[in-house]
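Biologist: I would like to go through this protein with you. Could we begin with the central features and then turn to the helices?

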Amino acid sequence: GTAFMMRSLQYAICLSALFNCYQMLCEAWIPVVSKVVHRPSKELSTFRCLSKKRSNIFRKQPCRSAVAMFNEPRVESHVDIYDATLTQRQYDLSPEDKLRIAEKLHLFGIHYIEAGWPVVLPRDRVFFLRARSELNPELLKSLVAMAELPDRNSGPGSVVSTLLETGAGSFGLAIDAFDSEGQWLSAERIEELRTCIADLRAGVQQRGAAGAAVFVHLHNALDAYREDPARALAIMTAVAGAGGNAVVLVDSSGAATPWEVEACIAAASAAL
């Protein structure tokens, strides 16, 4: 009896999973297919959709989401995907691991692959050295070499030259919106950022490599916005005007909720 009940429970769980997959198909895949094959909206109503109410679970009803999407005007858009897998797991991955994973990410269609911190990590210098000879040029162009923004006393020239020697197609500079001591990003540091970006662009131009992007990673951005939204937005605006291609707002503490991220991104987009 117990075995029969367990088997019945397994069947019920499987059936529930199938229902959920079918609902996802109706709500997500059918609208995409409808745009490709140009199905009339009347034909879309013939698909069986699962009602959200359990009492009507087998009721035949139109796929409202599919019809709505089909009747809406088409909007052409482009999204660049930035992936940080290689740096989030950097202490667990060897140069060989990174080379193989980078190839898979490139095949998957990732536009920008944050590949390492060659200024401070010797194994990342090895990775970029091997990447220049072992990876195809298109993949090499998608790699992003990272570094913390140097100050005038730490020799910014050496940081810029190390980044350029990687052969990466793009570069990332990390800077704190405010540091562990509660000091907010100063105007002087923003000028140092502007100078460093200009030096990177000049070096890229000298090497004859066009199209290199510079990403500015603003660490503690979400915490700064929570602390003082107006001041944080002023810093984001100043950083965006320093000459980079994009500003990456980093939730360094990992404490931001999805709606806090949404509010911060919306406010930053409006300000910029």
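Modeller: Certainly. Strand β5 is joined to strand β6 (residues 246-249) by four bridges, and the two run parallel. Strands here are DSSP runs of E of at least two residues, helices are runs of H or I of at least four residues, and both are numbered from the N terminus. This is a predicted model, in which local features need pLDDT of at least 70, side-chain atom pairs count only at pLDDT 80 or more, and totals for chains, interfaces and linings use all residues. Residues are numbered from 1 along each chain as its sequence is written, and side-chain values use heavy atoms, with hydrogens and water left out.

Biologist: Which residue in β6 is the bridge partner of F215?

Modeller: That partner is A246. In addition, V216 stands opposite V247 in β6.

Biologist: And how many bridges join β4 to β5?

Modeller: Seven bridges link strand β4 (residues 170-176) with β5, and these strands run parallel. Among the residues involved, S170 has A213 in β5 as its bridge partner.

Biologist: Is β5 largely enclosed or not, and why?

Modeller: Strand β5 (residues 213-219) is largely enclosed by the rest of the structure, because six of its seven residues are buried. Buried means under 20% relative accessible area, exposed over 50% and partly exposed in between, with a 1.4 Å probe and protein chains only.

Biologist: What is the order of the strands in the sheet?

Modeller: The open sheet has six strands in the order β1-β2-β3-β4-β5-β6, with parallel pairing. Strands β1 (82-83) and β6 stand at the edges with a single partner strand each, so one side of each is left without a neighbour in the sheet. Two strands pair if DSSP finds at least two bridges between them.

Biologist: Turning to the helices, which one lies across β5 and β6?

Modeller: Helix α11 (residues 229-240) does, running at about 160° to β5. Helix α8 (residues 156-165) lies across β3 (143-148) and β4, at about 165° to β3. Axes are lines fitted to C-alpha atoms, for helices over the stretch in contact, and angles run from 0 to 180 degrees between N-to-C directions. Contact means heavy atoms within 4.5 Å.

Biologist: At what angle do α5 and α6 pack?

Modeller: Helix α5 (residues 95-108) and helix α6 (residues 122-134) pack at about 45°, with their axes 9 Å apart. The residues making the contact include P95 and L99 of α5 and V126 and F127 of α6.

Biologist: Finally, how many helices does the protein have?

Modeller: Its secondary structure comes to twelve helices and six strands.
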